[in-house]
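Subject: Structure handover

Hello,

Here is the structure I promised to pass on. Please open it first, then read my notes beside it.

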Amino acid sequence: MEPILNVKNLTMNFGGLKALDTVNIAVEKGQIAALIGPNGAGKTTFFNCITGIYPPSEGLVEITPPGKPTQKLNGLKTNHVTEKGLARTFQNIRLFEGMTVLENVMIGRHCRMKSGIIGAMLRPSSQKNEEKKAINDSYEILEKIGLDQYVNEMAANLPYGAQRRLEIARALATSPFLLLLDEPAAGMNPQETKELDELIVWLRDNEDLSILLIEHDMKLVMSLSDNIHVVDYGKKIAEGTPEEVKSNPEVIKAYLGDESEDA
Amino acid sequence: MVTIREIKQSFFIGLWFMVLTFPIMVIRVDTIKHIVIFRWSNLMWVGILGFFASLVWNYFLRRKEEKKKTDTADDIPIVHRLLQNQKFKTPFLMALALFFIAYPFIFPMYHTSIMISALVYVMLGLGLNIVVGLAGLLDLGYVAFYAVGAYTYALLNLHFGISFWLALPISALLGTMFGTILGYPVLRLKGDYLAIVTLGFGEIIRIILENWDELGNGPRGIGNIPAPSFFGHQFGQHDSVIYIYFIVIFLVLLTIFFVNRLENSRIGRAWIALRDDEIACQAMGIDKVKTKLTAFALGATWAALGGVVFAAKTSFINPMSFTIWESITILCVVVIGGMGSAIGVIAGALVLILLPEYLRAVSEYRMLVFGALQVIVMVFKPEGLIKSVRKIYKFKKVEE
């Protein structure tokens, strides 16, 4: 079977700097894959390249949504990538602070809704039904993620861990088949991290999702991931199961430094 | 409690005011007798007033800080709380309706005329609120669309004899078109850059009107614009004002109705998302281009409608009515009223337009008081007179 996300020879140049250098990453359906690497290795750039925030300099980004043919994502705008079924969260929380929690999730439903200006002003029954459905769908998602007690709270007033979860809820609302999580556990306490771990596994098992995450919390990465990709200085240096990656000398060198150089 | 530090600070502020206002408050040159008079008693008053004003200012600032610490989120403006209360809502709205219906019959024509201007600004404010308040696009050339509306009616009437009622939809359409035309080139811009470009656009429209004599008589303007007719019947001057008053009331209600619906719709939410975070907004599948263009286009539509009413009311227009100053005033209405808050913008327009008129009693200090009030609102209520409140959705949990 085709991998649902297949990135081939992805290269991203910022002027003279090669932020990503011929990176190949494939994510299989139903997999939790992790992308790890030291700070500045190019992980977030990788996310930005596949979601269309930066146009990649070279390389190919292909997706194969379940039950659909393989398609190319290069050159698509961010909102079209989301429409294709890739949803992401951000490393530094980017919620819509002027809206309530429910409305934040409803924004995610935006690309699955149709009504336009005339619909909004005249409110025909089709628009009303669509709106009602969006409200109910969004509330259901909040219930699943465990944020339903905050439903009418302003997003900016949520506790930190809940804000992180709201980002995931918002991404889920776009009905993705692949969820891209950029450091979902950053800044969380051990209890929140444990709940997040459970949530991600639950999402994979119950929502028919595949997940690619960037994370620095190694305990979380090792316990969650089926497959780990390691990048350093924009180059992919290793790939494999948690066990394989842990014992890979290249990886140890990237994280801890080269012993021979230190001596 | 007033601390020693504050007293000391206020003392110096009083002293500073004495120095600052010395040339205008103390020195008076009598040009006839060729002498200079020093009014030393004024200096004393300035000092004393400055001292106490500073104390009061500090007191309120401190109270605001303390309030911020104690209650966090639940400070819903009182107007919203009253409107949410069903028992209060109906009588309140009834009283309001009664007041506005009786207004032109109770007060003399002059007051009705002022109220019409204020209500036109309510329309303009609500329109600009879409662009600035909801979509977060700082537009300093909004008056251009106002001019488009006014000139559309004036010209169509001059050349083709088109009536007010037909001119309304045509102007609205033209406004939408111009909004889109301006929207396209500025799609990539935001914040200060956008402000400068829209400022330029507003000036371009005004300068074109001023210099293109064949189009609209240049600075001499267009006169004899007829007031709206009532099924072919033309009112006398006095009745005409009352008639326009009710037309504006109707248009304002229409605006409130539509804007309110837009605000809590798919499009309205997309605008707010665009304002709060452009990148996240796109990552959630919202088309940035479409969202920006609809905001510009719809905002412009209401400006054009306002323009038609303005032309019909004054019966004479020239480019001087559409200077940058108008744009600034409308922006003030939105910001002081409360960005993104329809009720706030309505309150802002009424206060900002009616106040200078009624302050004519203290004619000399009119603009001084007006300016001071603006500063006070922005310092103590930076989110505006009545800040925006998002819609609350209710859910009944069905336990099975």
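How many of the residues of strand 7 of chain A are buried? The count is 5 of the 5, so strand 7 of chain A is largely enclosed by the rest of the structure. Please keep in mind that this is a predicted model.

Strand 7 of chain A

Both faces of this strand are covered. A:Leu178, A:Leu180 and A:Asp182 are buried on one side. A:Leu179 and A:Leu181 are buried on the other. That split fits a general pattern. In a regular strand the side chains alternate between the two faces of the sheet.

Strand 7 of chain A also has partners on the sheet. It pairs with strand 6 of chain A in the parallel sense, over 3 bridges. There, A:Leu86 has A:Leu178 of strand 7 as its bridge partner. Strand 7 of chain A runs parallel to strand 8 of chain A as well, and 5 bridges join them. In that pair, A:Leu180 stands opposite A:Leu212 of strand 8.

The sheet in chain A

These strands belong to an open sheet of 6 strands. The order is 6-7-8-3-9-10, and the pairing is mixed. Which strands stand at the edges? They are strand 6 (86–88) and strand 10 (235–240) of chain A. Each has a single partner strand, so one side of each is left without a neighbour in the sheet. On average, neighbouring strands are turned by 20 degrees against each other, direction ignored.

Now follow the order onward from strand 8. Strand 3 (residues 32–36) of chain A runs parallel to strand 8 (residues 210–214) of chain A, with 4 bridges between them. A:Ala33 has A:Leu212 as its bridge partner in strand 8 of chain A. A:Leu212 also stands opposite A:Leu180.

Strand 3 of chain A is joined to strand 9 (residues 227–232) of chain A by 4 bridges, again in parallel. Here the bridge partner of A:Leu35 is A:His229. A:His229 in turn stands opposite A:Glu239 in strand 10 of chain A.

Strands 9 and 10 of chain A pair in the antiparallel sense, over 5 bridges. They form a hairpin with 2 residues between them. Look at A:Tyr233 in the turn: it has a positive phi of about 50 degrees.

One helix deserves a look with the sheet. Helix 7 of chain A lies across strand 3, strand 7 (178–182) and strand 8 of chain A. It runs at about 155 degrees to strand 8 of chain A.

Domains of chain A

The domain assignment of chain A gives domain 1 (1–85 + 176–263) and domain 2 (95–173). Their C-alpha centres lie 27 Å apart. How many residues of domain 1 are in contact with domain 2 of chain A? There are 10, and they touch 7 residues of domain 2 of chain A. Helix 2 (78–84) and helix 7 (190–207) of chain A each supply at least two residues of the domain 1 side. Helix 2 of chain A gives the largest share, 3 residues. By class, the domain 1 side has 5 nonpolar, 3 polar and 2 charged residues.

Chain B

Chain B is divided into domain 1 (4–70) and domain 2 (107–380). The centres of these domains, taken over C-alpha atoms, are 39 Å apart.

One helix pair in chain B is worth finding. Helix 6 (residues 109–134) and helix 15 (residues 324–337) of chain B pack at an angle of about 70 degrees, with their axes 9 Å apart. Helix 6 and helix 15 of chain B are therefore roughly perpendicular to each other. Residues in this contact include B:Tyr121, B:Leu124 and B:Leu128 of helix 6 of chain B, and B:Ile330, B:Val333 and B:Gly337 of helix 15 of chain B. The contact has 8 nonpolar, 4 polar and no charged residues.

Where the chains meet

Finally, the two chains. 30 residues of chain B are in contact with 36 residues of chain A. Helix 11 (237–263), helix 12 (266–276), helix 13 (278–283) and helix 14 (288–314) of chain B each supply at least two residues of the chain B side. Helix 12 of chain B gives the most, with 9 residues. By class, the chain B side has 16 nonpolar, 6 polar and 8 charged residues.

Best wishes

Terms used
Residues numbered from 1 in each chain as written. Chains lettered and ligands numbered in written order. Predicted model: local features only at pLDDT ≥ 70, side-chain atom pairs only at ≥ 80, totals over all residues. Contact = placed C-beta atoms within 7 Å. Nonpolar A, V, L, I, M, F, W, Y, C, P; charged D, E, K, R; others polar. Domains from an automatic or database assignment. Axes fitted to C-alpha atoms, helices over the stretch in contact; angles between N-to-C directions. Parallel < 35°, antiparallel > 145°, perpendicular 65-115°, else oblique. Pairing = 2+ DSSP bridges. Buried ≥ 20, exposed ≤ 12 C-beta atoms within 10 Å, placed from the backbone.
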